[in-house]
Amino acid sequence: MDKKLKNKKKIKILISGPFAAGKTQFIKTISEIEPLTTERKTTAKNEKKVKNFTTVAMDFGKITIDDEHELYLFGTPGQSRFDFMWEILGKGALGIIVLVDSTNPETFHEARQIINYFESRYPVPMVVGANKQDLPGAWPPEMIKSALNLDVEDIPVVPVVATDKESVKKALLTLLEEIYKEFG
Ligand SMILES: Nc1nc2c(ncn2[C@@H]2O[C@H](COP(=O)(O)OP(=O)(O)O)[C@@H](O)[C@H]2O)c(=O)[nH]1
Ligand SMILES: [Mg+2]
């Protein structure tokens, strides 16, 4: 194997957030490899109305940021009945992006619970992605910041369109800046 490739520093990032926030999409958009996903047919009726497939274990994708660094993206399942996976996937993560569907305030409470979970279990740098900013009725990041009660915490809330590569890249770079601040 190419020595340079072998020596690339692997940075593990978690992509979390409620059901249908856009986690699988986010990883699909940016991954250089065909992302591994574990989507299955949605069974719960209320979830089926939102989409037909859901992530049951994880999504996985990879992106090279420069000659020395590779990001490994692990998407968590959204529903809390799968939260045992959060614990497994959280191990060794250097940062977390919590995606929120900006058009669906009903999910904000769950987003806040996910943030609480990772703050207590895996206190690493976090960025909240206010996703689906391309859709009408999307709450702006500042409003989501207040709704999630993040005003006093040092967690950036950035606008995201998970279907747009540049937007996904920007969110990841914001998180990397937070990671560098923390770990140098
Ligand atoms: N318009 C729009 N649709 C999005 C965006 N991100 C995700 N979606 C759609 O929202 C739905 C849920 O996304 P998905 O990635 O499956 O959510 P997950 O449950 O968090 O993995 C899918 O139909 C996506 O195509 C976005 O930024 N804009
Ligand atoms: Mg998914």
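The exchange below concerns ligand 1 and the largest pocket in a predicted model.

User: What makes the approach of K23 to ligand 1 a polar contact?

Analyst: An oxygen atom of ligand 1 lies 2.7 Å from an N or O atom in the K23 side chain. The cut-off for such a pair is within 3.5 Å, so the pair counts as a polar contact.

User: Which other side chains have an N or O atom paired with an oxygen atom of ligand 1, and why do they count?

Analyst: T24 has such a pair at 2.8 Å, and N131 has one at 3.1 Å. Both are polar contacts because the limit is within 3.5 Å. Taken alone, ligand 1 exposes 580 Å², and the protein buries 78% of that.

User: Why is K51 counted among the residues around ligand 1?

Analyst: K51 is one of 16 residues around ligand 1, and a residue is counted because one of its heavy atoms lies within 4 Å. K23, T24, Q25, K51 and D134 come nearest. By class, the shell has seven nonpolar, five polar and four charged residues.

User: How do you know that ligand 1 sits in the largest pocket?

Analyst: Ligand 1 takes up the space of that pocket; the term applies because more than half of its atoms lie within 2 Å of the pocket's grid points. The pocket holds about 370 Å³ of space.

User: What does helix α2 give to the shell and to the lining?

Analyst: Helix α2 (residues 23-30) gives the most to the shell around ligand 1, three residues. The largest share of the pocket lining, four residues, also comes from α2.

Methods. Residues numbered from 1 in each chain as written. Chains lettered and ligands numbered in written order. Predicted model: local features only at pLDDT ≥ 70, side-chain atom pairs only at ≥ 80, totals over all residues. Heavy atoms only, no water. Polar contact = N/O pair within 3.5 Å; in protein donor to acceptor, adjacent residues only side chain to side chain. Areas by Shrake-Rupley, 256 points an atom, 1.4 Å probe, with all protein chains shown as cover. 1 Å grid on protein atoms, 1.4 Å probe; cavity = no way out; pocket = protein on both sides within 12 Å on 5 of 7 lines; lining within 4 Å. Helix = DSSP H or I, 4+ residues; strand = E, 2+ residues; numbered from the N terminus. Nonpolar A, V, L, I, M, F, W, Y, C, P; charged D, E, K, R; others polar. Points joined across faces, edges and corners; volume = space filled by probe spheres on them.
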